Amino acid sequence: MIATPHPLASEAGAQVLRDGGNAVDAAICADAVLCVCLPDMTSIGGDLFAQVWPAGRERPLVLMGGGRSGADATIERVRGMGLDALPSRGPLSITVPGTVEAWGRLLERFGSLGLAPLLEPAAALADSVYPVSPVLAADLSANADWLCLEPAAWRLWPPVSAGMVLRNPALAAVLREIGQRGVGRFYQGEVAEAIVDTVRAGGGFLTMADLAGHRSSWCDPLEVSFRGATVYEPPPPTQGCVAAGLLARLDRHPAEEIADGLGLARALALAVAVVDSLRPRLADPEVVPVDVGPFLDPDDEGDGEPGTPLEGDTIALSVADEEGTLVSMVQSVAGAFGSGVVARDTGILLHNRGSGFRLDPSAPNRLEPRKRPAHTLAPAMAALARSRRLAFGTMGGEAQPQIQVQILRGILDRGLDPQAAIALSRLRTAAPPASLWVEADHPDAREVLRGVPGATPLAPGDLRLGHAQAVLASADGSWSGGVDPRADGLVVEV
């Protein structure tokens, strides 16, 4: 079974499963299609994090596929340009894209098929035409005012309506080159030169050595107990520890205490305030020591100010194969349409993940050479009662932990299947001046709006409340899955 936020990606991944591929093969194929069909949210010029739970293994493994800053990226250089913060878009916001190398590491360890057939469905769509989904059409319109200032991006992604079609033949050629000659073709040679030349022409920091030296890494997940289930989250520099901390604190509230919207809103607001006050400690642990203890300790009351919430345009997908292997993958171009920069003659949209670095020398997430920025991407897994295993994840920037909590509550507190749990109306702590956003069709919306000062309704389906995917595998070999009605996704069982 596979669940993704686009039907063409789900169908492509499902075909891989039909053809004898495993969950990792299917996830890569589906992700590549999403990189074509949802350029507002993801790209091969972005980053990728995944959890893989191999059949027969007691716990999952995490692949950290985040890229690093350039070797000559320093606070002094940026301040020397007269800037007090990194731009949210443009060449200075670009770090090494980690996605393609992460595909290679996933296949190297767990794949059963070659890369070429896995990337061909995406290449074929980019080479001919791909349809514009309602979500993409809305983002094309919402971002047209700045995309029009980026000529290469504007040619590829003008504001068109849902149901119309777009093409990206240059990206198709790159996908086929990678498929036929390996992931190294992205990080060395003509593709790498195009990325580096484009970034440096705009004042950015990447070099050929930065791309050639990039590597993903495998590690163990963090663990937290919630309602008797064991939830697995990726460690720093991701916000997986934020999600784990939120679950640890809400696990102290009995299910009946947070059964209604108002009870959940109040408990969530208190827990989020604590973990968000710890969020500024997130950084690349290869460069800055990061203590996850305070996040996971429900008695820790936090300190500091949380800063400005970050929105994120991201995809999450989940896969289970017949052997019992599960994959949870989250992949992103960071903000909507990322940096807006398209590498010369490649059709590759580059992400803006580096904009999250700080120019404060005392901040753990400060800009430094060859350092991964703090990440919102947090693919999750859980071990439930009766030997069931759940792969799940969501789009939503810093709201991903809050959305994860609400999905797990639906499954564990209310006994819902993944589709029903994902479809439940949501609420989210909000950016000022609002204190809380609540989906207007929430059954307790009126009580929440009356009971929480500053609470504000959002239209049902507002993407500030994210869109999630999940697959639940049972010990008897059966599956159930869910895709978010807020997006355009599809669950396919093979």
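**Exercise 1. Locate Ala334, then describe its backbone and its burial.**

Solution. Ala334 sits in the loop between β10 and β11, where strands are DSSP runs of E with at least two residues, helices are runs of H or I with at least four, and both are numbered from the N terminus. Its phi is positive, about 75 degrees, although Ala334 is not a glycine. With a relative accessible area of 7%, Ala334 is buried; buried means under 20% relative accessible area, exposed over 50%, and partly exposed in between, with a 1.4 Å probe and protein chains only.

The model is predicted: local features need pLDDT of at least 70, side-chain atom pairs count only at pLDDT 80 or more, and totals for chains, interfaces and linings use all residues. Residues are numbered from 1 along each chain as its sequence is written, and side-chain values use heavy atoms, with hydrogens and water left out.

**Exercise 2. Repeat the description for Arg227.**

Solution. Arg227 is a residue other than glycine with a positive phi, near 55 degrees. The loop that holds Arg227 runs between β7 (222-226) and β8. Relative accessibility is 22%, so Arg227 counts as partly exposed.

**Exercise 3. Classify the ring pair of Trp53 and Tyr232, and place both residues.**

Solution. Rings of Phe, Tyr and Trp (its six-membered ring) pair if their centres lie within 6.5 Å; planes under 30 degrees apart are stacked, over 60 edge-to-face, and the rest tilted. By this rule there are 4 aromatic pairs. For Trp53 and Tyr232 the ring centres are 5.4 Å apart and the planes stand at 80 degrees, so this pair is edge-to-face. Trp53 belongs to strand β2 (residues 47-53) and Tyr232 to strand β8 (residues 229-233), so the pair ties together parts 179 residues apart in sequence. Both Trp53 and Tyr232 are buried.

**Exercise 4. Do the same for Trp157 and Phe337.**

Solution. The ring centres of Trp157 and Phe337 are 6.2 Å apart with planes at 45 degrees, so the pair is tilted. Trp157 is in the loop between α8 (151-156) and β5 (165-166), and Phe337 in the loop between β10 (326-332) and β11 (380-384), so that the pair links distant parts of the chain, 180 residues apart. Trp157 is buried at 3% relative accessibility, and Phe337 is buried at 0%.

**Exercise 5. Describe the packing of helices α13 and α14.**

Solution. Take the geometry, then the contact. Helix α13 (residues 240-250) packs against helix α14 (residues 261-278) at about 140 degrees, the axes being 9 Å apart. Axes are lines fitted to C-alpha atoms, for helices over the stretch in contact, and angles run from 0 to 180 degrees between N-to-C directions. This makes α13 oblique to α14, since angles under 35 degrees count as roughly parallel, over 145 as roughly antiparallel, 65 to 115 as roughly perpendicular, and the rest as oblique. The contact (heavy atoms within 4.5 Å) includes Val242, Leu246 and Arg249 of α13 and Leu268, Val272 and Asp276 of α14.

**Exercise 6. Find the cis peptide bonds at Pro237 and Pro433.**

Solution. Pro236 and Pro237 are joined by a cis peptide bond with omega about 15 degrees. Pro237 lies in the loop between β8 and α13. From Pro432 to Pro433 the peptide bond is cis as well, with omega near 10 degrees. Pro433 lies in the loop between β13 (427-429) and β14 (436-439).
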